[in-house]
Amino acid sequence: MKPVTVLEAIDQALAEEMAHDPRVILMGEGVATKRKALLAEFGADRVRNTPLAEGIIAGTAVGAAATGLRPVIDLLFAPFLCYAMDELVNSAGKLRYLSGGQFAFPLVAIAMTGAGWGVGAQHNHNIEAWFVHTPGLKVVMPSSVADFKSLLKAAIRDDNPVLFFVDIGLAHTEGELPAQEAAVRLGEAVVRRIGEDATLISYAKTVGVCERAAAVLAEEGVSAEVLDLRTLKPLDEAAVLASVRRTGRAVVVHEASRNCGVGAEIAAMLTEQTWATLKGPVLRVGGPDAPAPASYPLEQAYVPQVEDVVSSVRRLTRSAAAA
Amino acid sequence: MLAEVNVTIRRFGADPLELLNTMMLIRMYEERAALLQRESGAPGTCTAVGQEATAVGVVAALGVDDLILTNHRSAGHLLARGASPSRLLAEALGRRDGYCGGKSGSLHVSARDLGVVLTSTIVGGELALATGVALSQQMLGRTGVVACFFGDGAACEGRFHESLNLAAVWRLPILYVCENNEWQAFVHRRETMLTDSVAAWAQPYGIDSATVDGNDVEAVRAAATEALASIRKNGRPFLLEAQTYRLRGHFEPDDQGYVDQQELASWRLRDPLSKMQARLLDQGIIDQAGLDALSVEIAQCIDAAAVFAIASPYPAVAELHTDIFA
């Protein structure tokens, strides 16, 4: 099968879901301009350009979702979600609960983020943890071409609001789509590499960093498992716990800043639930508490590197050996 | 008691007495809610005392297929639409029999069966959601118009402008109802706007508008009826501004120490209930004895609502974890 890029996989998912369900519509800044094939296939009624106004795009999606449509909105870059926070957090996340279950909000908000294009902190800010910390929202951040397609389809079919983050650095990477598409549900992590001595827990672009780190570690005789979370909420706690109970060592790796990030939550969970089997502290490799710079070397310094992950695992395995 | 908790949309006929008794119901409901707060430790609440004519006049003009989005001052809109005072008060007290099972409290009450959807207490929140609800109406071939209630405070939010612009561009069936009550929480409107009128802000977006005396229920009903006809005929949104006044404070309890007493007194003279009562007495549609009997009847209804609400149990603690996800 011909390889496709992540962006093409996203387009395929959108096209298939729009064909599957006439209630699915796509709105955003330039969606009709840039996604000509979708516009041609589904028409201007269902593929809608909008004003450059994220708040009203999100609000319109929330109102439409509660009353019979299944909107997908493209908000372009994650920092732009700040303009849409009331609609996503206070409305989509809370009005089902506050109304005693009278409404559901089947909508997907897509946004890109992450280092790789040197766009700077107002286009690159990994804010996924904000939404994990918010009730009523699901958060997806895939790493593979196949997952981008199958998880976007699953997100569109989900009856809840889903934040779907696209790592900029992965946008043009190519991959094969399986001939027989696997039905992936939200909330299922996947083991990318089996290992026995340590678990590298990650999502999005840094899954690749972990896989390369695992290859380096293998040459040193350390067998590292790589777990791709894929969905940050609901979090596949069972998969995380099962892996770490087996390996006894965990390093959480993500590009978002460490403080109060997803890694902090996972480290706390592992401490609470796997203390007896842990052979060392749960370590985190993540970005600094700084805005993401545009300058290439600074941007690269921001992002977790293979060496950072390798040295974290070495710290854990050597302290165990010393003990 | 069961008859008290119906969910039927009220259908207003031509009888002007219906407008009056609905306003009286709202007034007594809100004053009771404030009293329960003051004397029985009920949670604080926002009232719209003084704005009853706007709520009743607009809702009376709506059809059963039309939808309503409202805000933290929603009791008038809900009761005019036919909400049970018992269930509404139970909700305000956080009880199981409330419209939202007690999870809303008084601030964000939705009653989907009445077409009152997605109530948001974030000022301006309803303006951002109305476009989506109207888009569903438009795309799914439903004929109902979306009536969106907001205040002059919300008109100063960016979402007001985003909402009007998008609704105009997409020709969404929205009746924007600005209840200009002169107060934006604790700040007088004259401190925050250079114009006296929100309606003037509609025209640059290509939206027709009208301004009406928001304390004259029949004038509001007539203006809303015309606005709805315009929306249905032209396929474009419309903004109706009702000039009214919030006679109580922002959030109970509130001593209104920040309110100009002369201004308050002048608006008390324009009380929408007194105005309608005087008119109907003058027209011989009701006499004083009839009015007194009506007052007693509504007071009994509110008494029964209070009994029902206070007797309603709190939700089970397990409800903390329900209705988070679909």
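Is strand S13 (residues 250-257) of chain A largely enclosed by the rest of the structure, or left open, and how many of its residues are buried? I started there. The model is predicted, and I kept that in mind throughout.

**Entry 1. Strand S13 of chain A**

I looked up burial along the strand. Seven of the eight residues of S13(A) are buried, so the strand is largely enclosed by the rest of the structure. The cut-off I used for buried is under 20% relative accessible area.

Next I asked which strands pair with it. Strand S10 (residues 198-202) of chain A pairs with S13(A) in the parallel sense, over four bridges. I picked out one contact in that pairing: A:Leu200 stands opposite A:Val251 of S13(A). Strand S14 (residues 283-287) of chain A also runs parallel to S13(A), and four bridges join the two. Here I noted A:Val253, whose bridge partner in S14(A) is A:Val285.

I then followed the chain from S13(A) to S14(A). Together with helix H11 (residues 262-274) of chain A, these two strands make a β-α-β unit, and the unit is right-handed.

**Entry 2. The largest pocket**

Which residues lie nearest the centre of the largest pocket? I found A:Ala129, A:Trp130, A:Asn259, A:Cys260 and A:Gly261 there, out of a lining of 24 residues. The pocket holds about 510 Å³ of space.

S13(A) turned up again. Along with helix H7 (128-132) and H11 of chain A, S13 gives at least two residues to the lining of this pocket. I sorted the lining by class and got 14 nonpolar, seven polar and three charged residues.

**Entry 3. Chain A as a whole**

I stepped back to the full chain. Chain A has 13 helices and 14 strands. Its radius of gyration is 20 Å, close to the 20 Å that the globule rule gives for 323 residues, so chain A is as compact as a globular protein of that length. Along the principal axes, its C-alpha atoms fill a box of roughly 65 × 45 × 40 Å. Buried residues account for 61% of the 323.

**Entry 4. Chain B as a whole**

I ran the same look-up on the other chain. Chain B has 11 helices and seven strands. Its radius of gyration is 19 Å, and the globule rule gives 20 Å for 326 residues; the two are close, so chain B is as compact as a globular protein of that length. The box filled by its C-alpha atoms is roughly 55 × 50 × 40 Å along the principal axes. Of the 326 residues in chain B, 59% are buried.

**Entry 5. Cavities**

How many cavities of 30 Å³ or more does the whole structure have? My search gave five.

The largest has a volume of about 110 Å³. It is lined by 13 residues, and nearest its centre lie B:Tyr29, B:Thr45, B:Cys46, B:Ala75 and B:Ser106. Helix H1 (16-40) and helix H4 (85-92) of chain B each supply at least two lining residues. H1(B) gives the largest share, three residues. By class I counted seven nonpolar, five polar and one charged.

The second largest cavity has about 60 Å³ of space. Among the residues lining it are B:Ala33, B:Leu36, B:Pro43, B:Thr45, B:Leu89 and B:Ser106. H1 and H4 of chain B each supply at least two residues here as well. This lining has seven nonpolar and three polar residues, and no charged ones.

**Entry 6. Backbone oddities**

Most residues other than glycine have a negative phi, and most peptide bonds are trans. I went looking for exceptions.

Where do the cis bonds fall? A:Lys233 and A:Pro234 are joined by a cis peptide bond, with omega about -5 degrees. A:Pro234 is in the loop between strand S12 (231-233) and helix H10 (237-247) of chain A. In chain B, a cis bond joins B:Glu252 and B:Pro253, with omega about 0 degrees. B:Pro253 sits in the loop between strand S7 (238-243) and helix H9 (261-268) of chain B.

That loop between S7 and H9 of chain B also holds B:Gln256. B:Gln256 is not a glycine, yet its phi is positive, near 55 degrees. Its relative accessible area is 11%, so B:Gln256 is buried.

B:Leu118 is another non-glycine residue with a positive phi, about 55 degrees. I placed B:Leu118 in the loop between H4 and helix H5 (125-139) of chain B. Its relative accessibility is 0%, so B:Leu118 counts as buried.

Conventions
Residues are numbered from 1 along each chain as its sequence is written. Chains are lettered from A and ligands numbered from 1 in the order in which they are written. This is a predicted model: local features need pLDDT of at least 70, side-chain atom pairs count only at pLDDT 80 or more; totals for chains, interfaces and linings use all residues. Side-chain values use heavy atoms; hydrogens and water are left out. Buried means under 20% relative accessible area, exposed over 50%, partly exposed in between (1.4 Å probe, protein chains only). Two strands pair if DSSP finds at least two bridges between them. A crossover is right-handed if, with the strands pointing away from the viewer, the path from the first strand over the helix to the second runs clockwise. On a 1 Å grid over the protein atoms alone, a cavity is a set of points where a 1.4 Å probe fits but cannot get out, and a pocket is an open set with protein on both sides within 12 Å along at least five of seven lines; lining residues have an atom within 4 Å of a point. Grid points are joined across faces, edges and corners, and a volume is the space filled by probe spheres set on the points. Ala, Val, Leu, Ile, Met, Phe, Trp, Tyr, Cys and Pro count as nonpolar, Asp, Glu, Lys and Arg as charged, and the others, Gly among them, as polar. The radius of gyration is taken over C-alpha atoms; the globule rule is 2.2 Å times the number of residues to the power 0.38.
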